[in-house]
Amino acid sequence: MLSMLTMKLISWVMERTRAGDIRPTLLLDSKEVRFTFPGDNSWSGVFHGRDEHRRWLERLVRVGVKTEPDEVAVSGVPWNMTVCIRGRSWRDAPSGERVYENRFVIWGGLRWGRLMAYEVYEDTEKAKALDIYLEANEPALLAA
């Protein structure tokens with residue numbers, strides 16, 4: 001039951017982000033959230049606090065990467081919960097051509113409904129390929 005309710009919430013949050021509204025995601029963050037995106041690309045790093053996470057999300061929206069959950073699992077007690085989200089991400093060029101497609105797993109820890117820390121696991125080489133595509137075809141997005 002809890003996983004089903006969390007799936008509804010995460011689906012709505014990601015839908016809002018796809019529409020350009022990152023506020024629902026930020027409302028789930030604790031002030032000291034730690035967001036980790038592994039890899040060797042322009043997206044990777046460890047981002048501390050809501051402001052750093054906000055800047056990362058703003059870039060995600062500006063570049064046009066979309067995310068959607070396929071499955072959500074939740075366990076634990078309200079003061080120490082774990083959430084796992086399996087989903088997909090993509091980005092289409094202005095021409096409509098799909099230039100980025102990936103699968104992800106997000107593993108996060110929550111305390112009283114606030115994200116304390118979470119990490120994204122995906123094919124980081126595909127994120128690097130998106131960087132190369134943007135640099136070659138849509139450099140204005142990188143300068144913004």
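**Sheet, helices and core in a predicted model**

Me: In this predicted model, which residues does Val 83 touch, not counting residues up to four places away in sequence?
Reply: Val 83 has its place in strand S4, and S4 is joined to S5 by twelve bridges, the two strands running antiparallel. Not counting residues up to four places away in sequence, the residues that Val 83 touches are Thr 6, Val 72, Ala 73, Val 74, Ile 106, Trp 107, Gly 108 and Leu 110.

Me: Is Val 83 buried or exposed, and with what relative accessible area?
Reply: A residue counts as buried when its relative accessible area is under 20%. Val 83 meets that criterion and is therefore classed as buried, its relative accessible area being 7%.

Me: What is the order of the strands in the open sheet, and which strands stand at its edges?
Reply: The open sheet has six strands with mixed pairing, in the order S2-S1-S6-S5-S4-S3. Two of these strands have a single partner strand each, so one side of each is left without a neighbour in the sheet. From one strand to the next the twist averages 15 degrees. The strands at the edges are S2 (45-48) and S3 (66-77).

Me: Which residue in the turn between S4 and S5 has a positive phi, and which one in the turn between S5 and S6?
Reply: S4 and S5 form a hairpin with five residues between them, and the positive phi in that turn, about 100 degrees, belongs to Gly 96. S5 and S6, which pair in the antiparallel sense over eight bridges, form a hairpin with two residues between them, where a positive phi of about 50 degrees is found at Trp 112.

Me: What are the bridge partners of Cys 84 and Val 105?
Reply: For Cys 84 the partner lies in S5 and is Trp 107. For Val 105 the partner lies in S6, the strand in which Glu 122 also stands opposite Phe 104, and that partner is Tyr 121.

Me: Why do the buried residues of H3 line one face of the helix?
Reply: Helix H3 covers residues 49-63 and reaches 22 Å from its first C-alpha to its last, close to the 21 Å expected. Its buried residues are Gly 49, His 53, Trp 56, Leu 57, Arg 59, Leu 60 and Val 63. Seen down the axis of H3, these buried residues line one face because they fall within an arc of 155 degrees.

Me: Which strands does H3 lie across, and at what angle does H3 run to S1?
Reply: Just after H3, Gly 64 takes a positive phi of about 95 degrees. The strands that H3 lies across are S1 (29-37), S2, S4 (80-92) and S6, and its angle to S1 is about 55 degrees.

Me: Which residues of H4 are exposed on the side other than that of its buried residues?
Reply: Helix H4 (residues 124-137) lies across S1, S4, S5 and S6, and its buried residues are Ala 127, Leu 130, Asp 131, Tyr 133 and Leu 134. These buried residues cover an arc of only 165 degrees around the axis, which puts them on the same side of H4. The exposed residues on the other side are Glu 125, Ile 132, Glu 135 and Ala 136.

Me: Which members of the largest nonpolar core touch the most other members?
Reply: Leaving aside its neighbours within four places in sequence, Trp 43 has contacts that include Trp 56, Leu 60, Ala 127 and Leu 130. The largest nonpolar core has 34 residues, and those touching the most other members are Trp 43, Trp 56 and Ile 85.

Definitions and conventions
Residues are numbered from 1 along each chain as its sequence is written. This is a predicted model: local features need pLDDT of at least 70, side-chain atom pairs count only at pLDDT 80 or more; totals for chains, interfaces and linings use all residues. Side-chain values use heavy atoms; hydrogens and water are left out. Helices (H or I, at least four residues) and strands (E, at least two) are DSSP runs, numbered from the N terminus. The expected span of a helix is 1.5 Å times one less than its number of residues. Buried means under 20% relative accessible area, exposed over 50%, partly exposed in between (1.4 Å probe, protein chains only). The arc is that of the directions from the helix axis to the C-beta atoms. A nonpolar core is a set of buried Ala, Val, Leu, Ile, Met, Phe, Trp, Tyr and Cys residues joined through side-chain atoms within 4.5 Å. Contact means heavy atoms within 4.5 Å. Two strands pair if DSSP finds at least two bridges between them. Axes are lines fitted to C-alpha atoms, for helices over the stretch in contact, and angles run from 0 to 180 degrees between N-to-C directions.
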